[in-house]
Amino acid sequence: MSAPQKAKAGAEKIAVTVSAVVPVTEYVTRFEFTRTDGADFPPFSGGAHTVVSMEDGDRTRLNPYSLMSDPTDLSHYAISVRREDNGRGGSAFMHSQVAPGDAMTITCPVNLFGLDWRAKKHIFFAGGIGITPFLAMIGQLEQTNGNWELHYAARTAENAAYADMLLEKFPTKVHVYYSGQGVRIPLESLLTGQPLGTHAYVCGPAGLIELLRDTAKGLGWPDSNVHSEEFLAPAPGAPFEVRLCKSDKSVTVGEHESLLEAMEREGVDAPFLCRGGSCGQCETNVVSADGDFIHRDHWLDDDDRASGKKIMPCVSRFIGTTLELDR
Amino acid sequence: MSKFEFPLSIGSRPVWGTLEPRVGQAHLFVADAQGAEAILDVATPELMAGAHIIYITRGTDYADKLRALNPSQFYEGPSYGAALSRIKRALSDAKMGLQVYISGTESLMGQMTNEATQAGVPFESIQTEHRGSTARRMQCVHCKGFTEDVETDPFVCSHCGLNLFVRDHYSRRLAAYQGVCVDAEDPGNVPAQKGIYE
């Protein structure tokens, strides 16, 4: 038996008005939204993200961003977007096209990176723009005088979004490290001697996440006490053909679009939530395949991958002659 | 031979594992009676260099063998109740990187798992291995009293005296199986007593 299908793919949508566009650093800009209907936003927990729809000409871009505003203030939502000049264009669109007063659509929050409330202590590790989910988590924990500390790595002081605000508000809890000065987060010493029941959370570049996970494992930390979030952007690749059995359609996935985006372009209502390889919603069964999968998600385990029976269309691709999906 | 193959049962019945050495900053071993054998099987000089063994003898004579493993700390006590203050202190002093190994009776493993999870060790990371007695710690669902070392089904509640049927339904929170009155409809009509696994 399969899970009940929702009427429409993705989380429920909210019509919003851009209420502020605030440059934070050379690369990072904060976008604040209010609800167009004037009501409060739905409550969310620290670590949640929203998927922002960007109407870019004849193309709709859908990118996930962590909510960074205070979860106790539902009058607005805020995200911070780092401009990726070599990215797929979503962040560049936000930076160049979005202005206060614009009407946009975002989704209700979804949290794949929540606080573990069994923790005796929360220790956050942020790299660059990975700071954003922690801003909301800190807002939430401060309500209950929670036990937390933050270790934040950035290239330079000018690039460290929100570091000044954090250091001023929480001088004993926030520690910032500038790689431009050759200073790294001392992961091994920070993970040694933490009280039993400490949970570590990491958000940032893949290298930082991997290094933290490996260091924690080497020190005997249980996997369940280490939490990470990394949204992947779909990587470009050679175009490939896919046959969608249920929809009775054949689609060509272009070089710069994902399999999920190609299905949506053809009007196929494929399920999704995070669009970054983390949530598992878009998992699709493979009917037949003659070729190789390029799995890039954080969802399928090794057995799933070896079976050749599943693919995550939001970030993964295919190279080969024929691919048939149960969609 | 102190190992016993428990028959397959309902989902709430705990499943115990086999101890294996893990990477860690410190190693806490808690065992009762024949549970000592599981420590003897897994012990290496390297593991013992960072080990604290809390051993509950329950009338057995494994203590000298465990002491001979040369753990960095060793405690020997007669019962779980006697050892509990030592266990609580060991957990409250512990840091992340502690590995927890529990072996012996289901009563010990259930109660010790609770102590460890409350101290912040995630359930999934706690290692267990059953050895020795298959007797159960039972809670009477009527008076809520616990009866330890129950070997027969039905049995008499040591608190309220009701005749209780031994269920496989288990509570992690209470670290006990559920005992339910077997003759509530027809007092005195009690099935013949037999071993729980007979």
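In this predicted model, A:Ala154 has its bridge partner in β10(A): the residue A:Tyr178. A:Ala154 belongs to strand β9 of chain A, residues 148-154. Strand β10 of chain A covers residues 174-178. The two strands run parallel, and five bridges join them.

Between these strands comes a helix. Helix α3 of chain A spans residues 163-169. Together, β9(A), α3 and β10(A) make a β-α-β unit, and the unit is right-handed.

Now step back to the whole chain. The domain assignment splits chain A into three parts. Domain 1 takes residues 13-111, domain 2 takes 121-229 and domain 3 takes 240-325. The β-α-β unit, with β9(A), α3 at 163-169 and β10(A), falls within the bounds 121-229 of domain 2.

Next, look at domains 1 and 3 of chain A. Their centres, taken over C-alpha atoms, are separated by 27 Å. The two domains do touch: six residues of domain 1 are in contact with six residues of domain 3. On the domain 1 side, the elements that give two or more residues are β3 (48-56) and β4 (59-66) of chain A. That side of domain 1 has four nonpolar residues, one polar and one charged.

Finally, turn to the contact between chains. Here 15 residues of chain A meet 17 residues of chain B. The chain A side divides into six nonpolar, eight polar and one charged.

How values were computed:
Residues numbered from 1 in each chain as written. Chains lettered and ligands numbered in written order. Predicted model: local features only at pLDDT ≥ 70, side-chain atom pairs only at ≥ 80, totals over all residues. Contact = placed C-beta atoms within 7 Å. Nonpolar A, V, L, I, M, F, W, Y, C, P; charged D, E, K, R; others polar. Domains from an automatic or database assignment. Helix = DSSP H or I, 4+ residues; strand = E, 2+ residues; numbered from the N terminus. Pairing = 2+ DSSP bridges. Right-handed = clockwise from strand over helix to strand, strands pointing away.
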